[in-house]
Amino acid sequence: MAQWQGDSDEGIDYMFKIVMVGDSGVGKSQLLNRFVKNEFHMKSKPTIGVEFLTRTLVMDHKLVKAQIWDTAGQERYQAITTAYYRGAIGALLAYDITKQQTFDHVEKWLDELRIHADRNILVMLVGNKSDLSSIRAVPVEVAREFAQQEGLFFLETSALDSSNVESAFVGLLSQVYRTVSRKQI
Ligand code: GDP
């Protein structure tokens with residue numbers, strides 16, 4: 001179970017490891033920036049070196065710390081290492097609604113998650129860059145239907161204008177919390 005222990009996180013009731021996956025350029029780093037720091041950068045710096053960011057939330061009167069891992073551009077140069085997935089209990093799988101290919105690759109990312117993380121990992125599929133819907137390539141209905149078939153949660157987001165970013169991360173974390181706290185009863 002991806003519940004952390006032995007950290008200096010006094011007062012934290014739960015620590016969940018969440019991984020970001022999806023093709024390069026879909027906006028993973030900016031979604032994370034928006035959720036953790038409420039920032040957005042149009043020209044993303046390469047994220048080499050940054051492993052994860054954290055944000056603590058209150059859920060059900062419990063302190064829940066999310067440790068959210070970014071690929072740090074690994075997907076661009078080489079395969080993502082299995083260590084990246086180890087212990088992850090949830091994933092945010094992003095594609096770019098203006099780039100069909102990034103949606104076509106979602107299945108590949110799902111396979112990778114289910115092999116290297118946990119067969120039952122909870123996944124939030126996000127169609128990012130919804131601010132660019134005038135040049136959309138992936139219809140929202142197609143993505144929603146795919147998510148339903150695969151048992152994924154689904155939202156369209158924009159890291160640029162903040163739309164649904166909080167809902168995507170918090171929605172995923174709430175489901176993780178529900179699953180973990182249910183198991184502990
Ligand atoms: P990553 O490779 O998946 O981590 O993608 P980045 O977060 O580095 O973003 C790639 C590019 O897309 C950058 O130029 C971002 O500024 C841009 N971008 C990210 N999210 C959005 C968004 O929601 N809307 C728009 N219009 N651009 C975005």
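User: Hi! How many helices and strands are there in the chain?

Analyst: Happy to help. This is a predicted model, in which local features need pLDDT of at least 70, side-chain atom pairs count only at pLDDT 80 or more, and totals for chains, interfaces and linings use all residues. Residues are numbered from 1 along each chain as its sequence is written. Helices (H or I, at least four residues) and strands (E, at least two) are DSSP runs numbered from the N terminus, and the chain has seven helices and six strands.

User: In what order do the strands form the open sheet?

Analyst: Two strands pair if DSSP finds at least two bridges between them. The pairing in this sheet is mixed, and the six strands follow the order E2-E3-E1-E4-E5-E6.

User: Which strands stand at the edges?

Analyst: An edge strand here has a single partner strand, so one of its sides is left without a neighbour in the sheet. That describes E2 and strand E6 (153-156).

User: At what angle does helix H5 run to E4?

Analyst: Helix H5 (residues 106-116) lies across E1, E4 and E5. Axes are lines fitted to C-alpha atoms, for helices over the stretch in contact (C-beta atoms, placed from the backbone, within 7 Å). Angles run from 0 to 180 degrees between N-to-C directions, and for H5 and E4 the value is about 165 degrees.

User: Which helix gives the largest share of the largest nonpolar core?

Analyst: A nonpolar core is a set of buried Ala, Val, Leu, Ile, Met, Phe, Trp, Tyr and Cys residues joined through C-beta atoms within 7 Å. Buried means 20 or more other C-beta atoms within 10 Å of a residue's own, exposed means 12 or fewer, and partly exposed lies in between, with C-beta atoms placed from the backbone. The largest core has 48 residues, and Leu125 is among those with the most contacts inside it. The largest share, seven residues, comes from helix H7 (residues 165-184).

User: Is histidine 61 buried or exposed?

Analyst: Histidine 61 sits in the loop between strand E2 (52-59) and strand E3 (62-69), and has a positive phi of about 65 degrees although it is not a glycine. Because histidine 61 has 6 C-beta neighbours inside 10 Å, it counts as exposed.

User: And lysine 129, buried or exposed?

Analyst: Lysine 129 lies in the loop between strand E5 (122-128) and helix H6 (140-150). Its phi is positive too, near 75 degrees. Lysine 129 has 26 C-beta neighbours inside 10 Å, so it counts as buried.

Key. Two residues are in contact if their C-beta atoms, placed from the backbone, lie within 7 Å.
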